[in-house]
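Trainee: I'd like to go through this structure with you and ask what stands behind each term. Shall we take a look at it together?

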Amino acid sequence: MSVQSSANEATPKAVLLRFYEAEANYMKAFEENGIASFNEMRETMAPDVVLHQSPDLPYGGDYLGYEGYEQWAVRMSSIFDKLEVAEREFFEQGEKVIVVCRFITRSRINGSVQDFPMAQVVTMRNGKIVEFRPFYWNVPAYVAAATR
Amino acid sequence: MSTQEQQPALATLRRFYEAETAYLASGGGDFSGIAATLDPECVIYQPASLPYGGEWRGHSGFEAWMKAFAEQWSSLEVKDSELYPNGDVIVSKSHVYAVAKRTGRAADWPLLQFFRVRNSKIIELRPFHWDTATLLEALKL
């Protein structure tokens, strides 16, 4: 499979779908073995990828590069023991794709479930993801999820 | 073929924006221009944490939401607007600059708005604010 060689021609949505597939594989491996390789996800992102999280979220702030992304993933999994994305709709233009979906999480800290709409802007450069900016429906609900 | 012809929902959204601009410019009052762009069953969803949170249904609900919103914000400017159409849905990406009416505090935040269109009328509107906590901070007395 020539995933890497076709990366430059891939549409933003195609790159994002590949990222989602890699992310699902990562999470499955982590669940089954307690350890997972980040390599497949890394292939879909540029080295200077940045993830912006709303500042008031329990995991708010900017996460830079592969290392930053991994740090964020660890912080998320320390708060939530369930993460599910459903009913995705895609909106593509130029090097950006916007995804609107349902985001279902369960707090590891207090067992509460958050089931809200979510939207995310993903920006590409040369077939790789350079920026994620998720928009949470209701930030205070995620603050409560991280509170004992 | 122009983008507008390919994406008829765009024409609906532009009519809505024009009507909204005219309504705000006149200081409110006559809502009929906006109502003409809305499906009678339209719903606007707002995050529960905001003072105007919840679901606002129908033409009267939409008008009530605009009044509730205007009670909180004295000025509102939307910049850098980009439209992402796909069939009967459009997502608009922009940046909002607003001043809270009671506190006088300025706030700005990235905004995504999800519009669903049915029979050339808006049936659903759902704004995604970058950070509702930022809005609440500006509004808090």
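**Helix, strand and contact: terms at work**

Trainee: What span is expected of helix α1 (residues 12–33) of chain A, and how far does the helix reach?

Mentor: Helix α1 of chain A has 22 residues and reaches 31 Å from its first C-alpha to its last, close to the 32 Å expected at 1.5 Å a residue. The expected span is 1.5 Å times one less than the number of residues. As for the name, helices are DSSP runs of H or I with at least four residues, strands are runs of E with at least two, and both are numbered from the N terminus. Keep in mind that this is a predicted model, where local features need pLDDT of at least 70 and side-chain atom pairs pLDDT 80 or more, while totals for chains, interfaces and linings use all residues. Residues count from 1 along each chain as its sequence is written, and chains are lettered from A and ligands numbered from 1 in the order written.

Trainee: Which residues of α1(A) are called buried, and which are exposed?

Mentor: The buried ones are A:Pro12, A:Val15, A:Leu16, A:Arg18 and A:Ala22. Buried means that 20 or more other C-beta atoms, placed from the backbone, lie within 10 Å of the residue's own; exposed means 12 or fewer, and partly exposed is in between. Seen down the axis, the buried residues of α1(A) fall within an arc of 155°, so they line one face of the helix. That arc is taken from the directions that lead from the helix axis to the C-beta atoms. On the other side of α1(A), A:Ala24, A:Lys28, A:Glu31 and A:Glu32 meet the exposed criterion.

Trainee: What do the buried residues of α1(A) pack against?

Mentor: Their partners in chain A are α2 (39–42), β3 (80–93), β4 (96–107), β5 (113–125) and β6 (128–136). Contact here means C-beta atoms, placed from the backbone, within 7 Å of each other. Just after α1(A), A:Gly34 has a positive phi of about 75°.

Trainee: What makes β2 and β3 of chain A edge strands?

Mentor: Each of them pairs on one side only. They belong to an open sheet of six strands, in the order β2-β1-β6-β5-β4-β3 of chain A, with mixed pairing. The twist averages 20° from one strand to the next.

Trainee: How do you know that β4(A) and β5(A) pair, and how many bridges join them?

Mentor: Two strands pair if DSSP finds at least two bridges between them. Eleven bridges join the antiparallel β4(A) and β5(A), so the pair meets the definition. In this pair A:Ile98 stands opposite A:Val121. The hairpin has five residues between the strands, and A:Gly111 takes a positive phi near 75°.

Trainee: And how many bridges are there between β5(A) and β6(A)?

Mentor: Eight, again in the antiparallel sense. A:Met124 faces A:Ile129 of β6(A), and the hairpin has two residues between the strands, with A:Asn126 in the turn at a positive phi of about 50°.

Trainee: How does helix α3 (residues 65–79) of chain A lie, and at what angle to β1(A)?

Mentor: Helix α3(A) lies across β1 (45–53), β2, β3 and β4 of chain A, running at about 40° to β1(A). Such angles run from 0 to 180 degrees between N-to-C directions, with axes fitted to C-alpha atoms, for helices over the stretch in contact.

Trainee: How many residues of chain A are in contact with chain B?

Mentor: There are 17 from chain A in contact with 17 from chain B. β3, β4, β5 and α4 (139–145) of chain A each give two or more residues to that side, and β3(A) gives the most, with four. The residues on chain A's side divide into twelve nonpolar, three polar and two charged. Nonpolar covers Ala, Val, Leu, Ile, Met, Phe, Trp, Tyr, Cys and Pro; charged covers Asp, Glu, Lys and Arg; the others, Gly among them, are polar.

Trainee: What do the buried residues of α5(B) pack against?

Mentor: They pack against α4 of chain A together with β5 and β6 of chain B. In this helix (residues 132–139) the buried residues are B:Thr132, B:Ala133 and B:Leu135. They cover an arc of only 160° around the axis, which puts them on the same side of α5(B).

Methods
Two residues are in contact if their C-beta atoms, placed from the backbone, lie within 7 Å.
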